[in-house]
Amino acid sequence: MPKLPGVNHLQAVKAFEKAGFRIARQGKHIIMIDGIHTITIPRNNPINAYTMAKIIKDAGLTIQEFCKLL
């Protein structure tokens, strides 16, 4: 598994928007949906690599696909 760099939550939101997700609601976390998947992004800078990997997996993407979207 390739290394996942520390990702700012705003960069993650933009990358997931490119993948077809949209923001459903915001608060301490950002909830995004694409019609099939629902993901929750914490407002941490940077987001922990293990947490980010789990979010990417929940979105139905691979780490390589996500890194291309950044």
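This is a dialogue about reading a predicted model, feature by feature.

Student: The model is predicted, so where do I begin: what is the average pLDDT of the chain?

Tutor: Begin with confidence. The chain averages a pLDDT of 91, and 97% of the residues score at least 70. Element by element, helix α3 (residues 63-69) has the lowest confidence, with a mean of 92, while β2 has the highest, at 97.

Student: Next, the strands. In which sense do β1 and β2 pair, and over how many bridges?

Tutor: To read a pairing, look at the direction of the strands and then at the bridges. Strand β1 and strand β2 (residues 29-33) pair in the antiparallel sense, over four bridges. Two residues lie between these strands, and the two strands form a hairpin.

Student: Which residues stand opposite each other there? For instance, what is the bridge partner of Arg25 in β2?

Tutor: Arg25 has Ile31 as its bridge partner. Arg22, in turn, stands opposite Ile33 of β2.

Student: How many residues of β1 are buried?

Tutor: Burial is read residue by residue. Strand β1 covers residues 22-26, and of its five residues the count of buried ones is zero, so the strand is hardly covered.

Student: How does β2 pair with β3?

Tutor: That pairing is also read from its sense and its bridges: β2 and β3 are antiparallel, with five bridges. One facing pair is His29 and Pro42, the latter in β3. The hairpin of β2 and β3 has four residues between the strands, and in it Gly35 takes a positive phi near 100°.

Student: Now the interior. How many residues does the largest nonpolar core have?

Tutor: The general idea is that in soluble globular proteins, nonpolar side chains tend to be buried together. In this model the largest nonpolar core has 20 residues. Those with the most contacts inside this core are Phe16, Met32, Ile39, Ile41, Met52 and Phe66. Two or more residues come from each of α1, β2, β3, α2 and α3.

Student: Phe16 and Phe66 are both on that list. How many aromatic pairs are there?

Tutor: For aromatic rings, read the distance between centres and the angle between planes. The count is two aromatic pairs. In one, Phe16 and Phe21 are edge-to-face, at 5.6 Å centre to centre with 75° between the planes. In the other, Phe16 and Phe66 are tilted, at 5.1 Å centre to centre with 40° between the planes.

Student: Why does the pair of Phe16 and Phe66 tie together parts that are apart in sequence?

Tutor: Phe16 lies in helix α1 (residues 9-18) and Phe66 in helix α3, so their pair ties together parts 50 residues apart in sequence. Phe16, Phe21 and Phe66 form one aromatic cluster. Phe16 and Phe21 are both buried, and Phe66 is buried as well.

Student: What else does Phe66 touch?

Tutor: When reading contacts, set aside the residues up to four places away in sequence. Phe66 then touches Leu4, Val7, Ala12, Ala15, Phe16, Met52 and Ile56.

Student: Let me try a polar residue. Is His9 buried or exposed?

Tutor: Compare its relative accessible area with the cut-off for burial. His9 has a relative accessible area of 8%, which is under 20%, so His9 is buried. His9 is placed in helix α1. Beyond its sequence neighbours, His9 touches Ile30, Ile41, Pro42, Arg43, Asn44, Asn45 and Ile47.

Student: With which side chain does the side chain of His9 make a polar contact?

Tutor: The partner is the side chain of Asn45, at 3.0 Å. Asn45 is in the loop between β3 (38-42) and α2 (49-58). Outside four places in sequence, Asn45 is in contact with Asn8 and His9.

Student: What joins Asn45 and Pro46?

Tutor: The angle to read is omega. A cis peptide bond joins Asn45 and Pro46, with omega about -10°. Pro46 is likewise found in the loop between β3 and α2.

Student: One last residue: what is the relative accessible area of Asp58?

Tutor: Asp58 lies in helix α2. Asp58 has a relative accessible area of 34%; that value falls between 20% and 50%, so Asp58 is partly exposed. The side chain of Asp58 makes a polar contact with the side chain of Lys54, at 2.8 Å. Farther along the sequence than four places, Asp58 is in contact with His37 and Ile39.

Key
Residues numbered from 1 in each chain as written. Predicted model: local features only at pLDDT ≥ 70, side-chain atom pairs only at ≥ 80, totals over all residues. Heavy atoms only, no water. Contact = heavy atoms within 4.5 Å. Buried < 20%, exposed > 50% of the residue type's maximum accessible area, 1.4 Å probe, protein only. Pairing = 2+ DSSP bridges. pLDDT = per-residue confidence, 0-100. Phe/Tyr/Trp six-rings, centres within 6.5 Å; stacked < 30°, edge-to-face > 60°. Core = buried A, V, L, I, M, F, W, Y, C linked by side-chain atoms within 4.5 Å. Polar contact = N/O pair within 3.5 Å; in protein donor to acceptor, adjacent residues only side chain to side chain.
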